Structure formats: structure tokens, C-alpha cells
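Biologist: I would like a close look at one part of this model, the strands and how they pair, with the surroundings that go with them. Please take me through it step by step.

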Amino acid sequence: MSKLDFEKPILELEAKINELHNVSSDDSLNITEEIDRMTAKVDRLLKQTYNKLTAQQKVLVARHEDRPHFKDYASQIITDFTPLAGERCFGEDQALLGGLGRFRGQSCVIMGHEKGQTTEERIKHNFGMARPEGYRKAQRLLKMAEQYQIPVITLVDTAGAYPGVGAEERGQAEAIAKSIETCLNVKVPIVSVIIGEGGSGGAIAIATADKVFMLEHSIYSVISPEGCASILWRSASHAGDAAEALRLTAQDMKELKLIDGIISEPLGGAHRKREETIDLVADTIENAFAKLMPWNTDKILKDRQEKYLAMGRAA
Amino acid sequence: MNWLTNFIRPKIRSIVEQQKDVPENLWQKCPSCEGMLFHRDIKESLNVCYHCGHHMRISVEERLEVMFDDGKYTKVAAPKVPHDPLKFKDRKKYSDRLRDTRAKTGQEDAIRIAKGTIGGCPVVIAAFDFAFMGGSMGAAVGEGIVKAAEIAVKEKAAFITVPCSGGARMQEGAISLMQMPRTTIAVNRVQNAGLPYIVLLTDPTTGGVSASFAMLGDIHIAEPGCMIGFAGKRVIQETIREELPEGFQTAEYCLEHGMIDMVVPRDELNATLSRILNIIFNKKIKVKKGDNNSKKSGGNDKKVVSGKPSGVKAELTQKTTADKAVKNAPANTNADARQKTATKTAARTSAKK
């Protein structure tokens, strides 16, 4: 389990509470009181810390390895989940998973980046950095949703598209471009949630949607703060400044009118209460679908395109 | 002051000082073959090394001149967008950077919109200006492409984009990222109107630019040796920690890997685009004697009259795909370029589609 530096006092307190729990087998009143007092303090500290996270701290929370990942969402909110593999020409990319299933009774296509939990899994899922095959599989699934007239859910959590020789040779740029194009032209509702990291082109390839939401402590950026700092400040040590300047937090994105809404995370972030977070995300998706359905094909396409055309224009 | 200036005799000194009057940069070195290039010759060869054929960057104005018929075109002002929406600041404020770059280049942003004809066909070009912050794509560039595409649809013209860009403009954060779907919508609208959308990829075409409108053309043409890719070489090298293959991410490499249709030298751009556009716009052409295109009407040096179907017309009327168009087109099908009526007919035909 990875630890966040700014959570250190909280984690220490939590460790102490655990210790006390172990001791309290004698069931003495004093200890219970002490535990209550300390738990209240933890809550207070969490509230204090998480209410004023800096951009750089948000980057760390968004990347926290204990945050729920695509597979956690799929298993909790999708019934009859049936993963589908491959793009029918080169290979299966495990960095971007997807398939058919039912979301609260509604048939749907769901897809998203999977970073993996253990080291072994992370390697298998290439740390959530998809290759062209992943984006081509996404296109295939989007078209499938259109064919069956069922809505699409996309969950975004990637540092970016994979930068490798093979990926370039097989047309990473084209795969992303086509993926964006397919998202823009698919005649069924698409709801997208940034659940962790929304890393540049690799993210927007599947995050071009009718409604885009971000978890409270997720980030969405054109470049990683480290990458930005090494170019503009000529040193990656300025990543904190870059994170601030890039305005990559969910709150910034909402203010810039680039996303449709923010999903609050439980106290202390999604990594503390995974299942609760997943349910909150599911509620938001259900609400969004309720507003989008039933849909008029022409209108949904027009609205989606107009929404993106307006971005960056004068208000 | 050094010993030479101190001890040099006045007469000699006058010679030394005279040399100072000679303008600098008369000669430059080719970055590829290191051959010396004289400024006048290199201008004439369109910034292509006349020793080794290496294509160096040219200004966006020269680029447009090379592409349009007779170097003539009409500029269209790019729409204005809010500046510095993020109030971005690195070691320097983005608003200051923008102001300085505008003062230095005399341009509003990194995109130029131009209208004109190529091979007599109506064309709208949106070209990137690398001199303006590395041709990076922010809201202004995105808006320029959207506007240019709108003009192309309205005037039933072909749309050509000329990316020359490192990618998205970091200083505009996620707003620059959103230009990827925006420009995609723009070029889709041209394509949905039945009009050709062609991309001329130049050095460099990378990042968010290559991963959006630049890879969505009906036909992709690239300049020799230009760099095309998604991730930068340094990033890839740091990720895989291996030597990159030779010629990695060059136009030729992309051709080999099926990402582009052809690599065309700068001095053949107008002719190549003319040929392709004339086929696409289905323009009536003059069939020359011995022309390999004149299967049935061969030997008759006559103009194909519109309305009277002939072998040539039938062949041209076929809806040619991009690849076919390139393969079938004879190099010397010199279209009757300034036949305005034909252009109108073509425009009408495409309007009906």
C-alpha cells in the first residue's frame, strides 16, 4: 500500500486506533472513549486535509494505487459483465478493457482503462497505457453499441497512450484520432467518468461523450505535470508549479466548463471507501442516462458536437 | 580589443571593417548533408537542399505560395478567441509570451487560413505557422480550423490542412486538449458534405495534432523526411530505454507502415494536388494524343464535352477512392486548370451528393 506524505499524521493516528482495538479485548471503558476521541480526530484531520488539497496533492490522490479501478467498477455495478477482447487485426490490449453487460438493468457497453492492482497485474495491463489496439477495440465496441442501440459507459484512468516503437509503427496517432471521431459520431448516448487520471490524448480518445464527469480528486490534463515542468521549467522538480498552472483538477475543469459535473468522493478520498465511491459514480451515471434517454439520434449527435465546438470559444 | 585590432595597420583595418558590411547569413549549412547553400539559390529551390534534397522548414507564407496556383491566394482572418483562459504562468506569463510572439511575428496565432485554387479547383487551406510557438494548437488554432472547414463547406471547396506542430499548447491546458474533438468535428463536416479533405503533413506533425484532424484525411501527403508521430522520440526512448530504429517516425517510415498515401517533394506539391483534386472534382480534361488515360478516345486530341459520355468521362465519373485516385492518375494529366465552367459543374455535382 502506497502512502501519501500529507496523510502521514492521519495514518499514524489510524495505526494507533488499530492498536487500541487490539488491546481493548478487556473492554475497558477508558479505551473505548479514547478510540472515539481519536476517530473523531482522524475525521477532523481528513476533512481539513482533503478540503484544501493542492493541485499537486490531487495528482497524487488521483494516482493512488488503492483507488478503485475499472475492474472494481465493472464487477460492482455491471451485472452479466461479458468482457470482449481484441480489435480483430493485431492483438488484445489489456490496458483498455471493455465489453457488454447490464448497468442497473439497462444493457450497455462499458469500457475503460485498467491500471492493475498488483505488480503482476500492472505489467499485464501495461499500467493503463493503451496501445493502438486498445483504441481500435474501443472503436469496435462503440460501433457495437450503435448497432444494438445500447448506451455506452467509459471510465477513464490513464497516464496517457503508450509511447513505444510498436505503438508508433501501428499508428497510435491514427488510432486515437479515429477513436475520438467514433465517439463523436456514435448514435447512442455516451457517459464518461474520469475516475483517476485523465492523461491527454489517451484519455480523450474515449472521453469524448455526451456527459463527462470527474471524481472529486481526479485530474484531467493535456500533459503530465512532470512532463510540462521539464519542458517549461526545464526541471521535473517544478511539477507542483506545473500542476497548479495547468488547472487540471476536477474543480478547475468544471470552472472552465470543460466537464459536466463533479462526483463527490467519500471523506478522505476514493481509496479509503472504494465501494462507496463506486456506488456514487454509478448513481451519477444512472442520473445522466435518465436524462439522456430515450434519445433522438440527430439531436444527440448535434448536442454532443455543439458542446465540443463551444469549448474555448468566447462565452 | 585584442592584439590584432591593436597592431593592425589602418589600411588593413579598413579592409577588415569593410568585410563587416557584408550581410550575414549569405550562406547556410544543410542540416542533413552539411553542404553549403547560397541564400538566393536556396530560396529558389523552396528551402530544399539542392545537394541532397533535404526539405527544410519554410515559412507559412511561402508554403501557401508553393501550394496555390500561381502562388496566388486570399487570406481569411482567423476568428478571435479569449486569450490565456487559464492565466497560465511558468517562468514567464503565457499572456506575456503571447504578446511577445505576436509582436515578433506580427501574427495573431499559429494558424493561417487561405482561399484560392489548385489545378483550378476551389481550395481552402488551414496552415500551421511553426514560427508561432512551435505551431502549437490552442483554442485559436482550433477555432481557425473550424472556421476554415466551414468556409470550405460553404464554398464547396476542397479542404487542406497543413499541420506543422509539436502538438497541443500546454499553456492552455485541457482547453487545448479539447481542440482534438473540435477539429475532428470540423473535418468530418467537410467529409460529410462530400468534399475532399486532404492533409499535407510537414515537419513536425506530432502529439495532439497528429492524434486528431491530421490523421483523419481522405488522403495523406507528406513532405520528404518530415517527422510524423504521436509521442516524441525522447519520451519513447526514456520509456523503452532502447535505440530507436533508423529513420523512425519519418515520412518514408510512415509510408512503409501505411499511415500516409505518398511522399511528395515540395516542388511537385501543386502538380500532385492539382491532379488529385481534378480527379475528385471530376473535372473535364483535355485528352492528349498518346495519353495512357485515353483508352477509347485515344488518338483524338479533343476536349471531352460535358454531357456527352465517353470512355474517359465514364472512367472519371467513377467514385474513385483515395488509393485508386493516386494509382490511376497519370502524371501528365494536366487539367485544363482555369476552365471555370468545369469547376462550377464539379461543385454542383458535389453539392448534389
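Modeller: What follows begins with the paired strands of chain A, moves to the sheet of chain B, and ends with the charged pairs.

The model is a predicted one, and every statement here should be read with that in mind. In chain A, a good place to start is strand β3, residues 106–113, where six of the eight residues are buried, so this strand is largely enclosed by the rest of the structure. Strand β2 of chain A, residues 96–103, runs antiparallel to β3(A) and is joined to it by eight bridges, and within that pairing A:Gly99 stands opposite A:Ile110. β3(A) also pairs with strand β4 of chain A, residues 152–158, in this case in the parallel sense and over four bridges; here A:Met111 has A:Thr154 as its bridge partner. As a general point, the strands of a sheet pair through backbone hydrogen bonds, and they do so either parallel or antiparallel.

The turn of the hairpin deserves attention as well. Two residues lie between β2(A) and β3(A), and in this hairpin A:Arg104 takes a positive phi near 45°. The side chain of A:Arg104 forms a salt bridge with A:Glu286, with the closest N and O atoms 2.7 Å apart. Because A:Glu286 lies in helix α13 of chain A, residues 274–292, while A:Arg104 lies in the loop between β2 and β3 of chain A, the pair ties together parts that are 182 residues apart in sequence. Both ends of this salt bridge are partly exposed, A:Glu286 with a relative accessible area of 36% and A:Arg104 with one of 39%.

Chain B has 15 helices and nine strands, and 50% of its 353 residues count as buried. Seven strands of chain B form an open sheet with mixed pairing, in the order β3-β4-β5-β6-β7-β8-β9. At its edges stand β3 (74–76) and β9 (262–263) of chain B, and because each has a single partner strand, one side of each is left without a neighbour in the sheet. Helix α12 of chain B, residues 269–280, packs on this sheet, touching β4 (111–118), β5, β6, β7 (197–201), β8 (219–222) and β9 of chain B, and its direction makes about 170° with that of β8(B). Within the sheet, strand β5 of chain B, residues 121–128, runs parallel to strand β6 of chain B, residues 158–162, and five bridges join them; one of the facing pairs is B:Val123 opposite B:Ala158.

Strand β2 of chain B, residues 36–38, contains B:Met36, a partly exposed residue with a relative accessible area of 41%. Together with B:Trp27 and B:Tyr50, B:Met36 makes a nonpolar surface patch of about 330 Å².

Two charged pairs of chain B complete the picture. B:Glu143 and B:Arg182 form a salt bridge whose closest N and O atoms are 2.5 Å apart, and this pair links helix α6 of chain B, residues 139–154, to helix α8 of chain B, residues 179–192, across 39 residues. Both B:Glu143 and B:Arg182 are buried. By contrast, the salt bridge between B:Asp100 and B:Lys92, at 3.0 Å from N to O, involves residues that are partly exposed, B:Asp100 with 33% relative accessibility and B:Lys92 with a relative accessible area of 33%.

Conventions. Residues are numbered from 1 along each chain as its sequence is written. Chains are lettered from A and ligands numbered from 1 in the order in which they are written. This is a predicted model: local features need pLDDT of at least 70, side-chain atom pairs count only at pLDDT 80 or more; totals for chains, interfaces and linings use all residues. Side-chain values use heavy atoms; hydrogens and water are left out. Two strands pair if DSSP finds at least two bridges between them. Contact means heavy atoms within 4.5 Å. Axes are lines fitted to C-alpha atoms, for helices over the stretch in contact, and angles run from 0 to 180 degrees between N-to-C directions. Patches are made of residues with over 30% relative accessible area and no salt bridge: like charges are joined within 9 Å, nonpolar side chains (Val, Leu, Ile, Met, Phe, Trp, Tyr) within 5 Å. Accessible areas come from the Shrake-Rupley method with a 1.4 Å probe; for residues, only the protein chains shown count as cover. A salt bridge is a side-chain nitrogen of Lys or Arg within 4 Å of a carboxyl oxygen of Asp or Glu. Buried means under 20% relative accessible area, exposed over 50%, partly exposed in between (1.4 Å probe, protein chains only).
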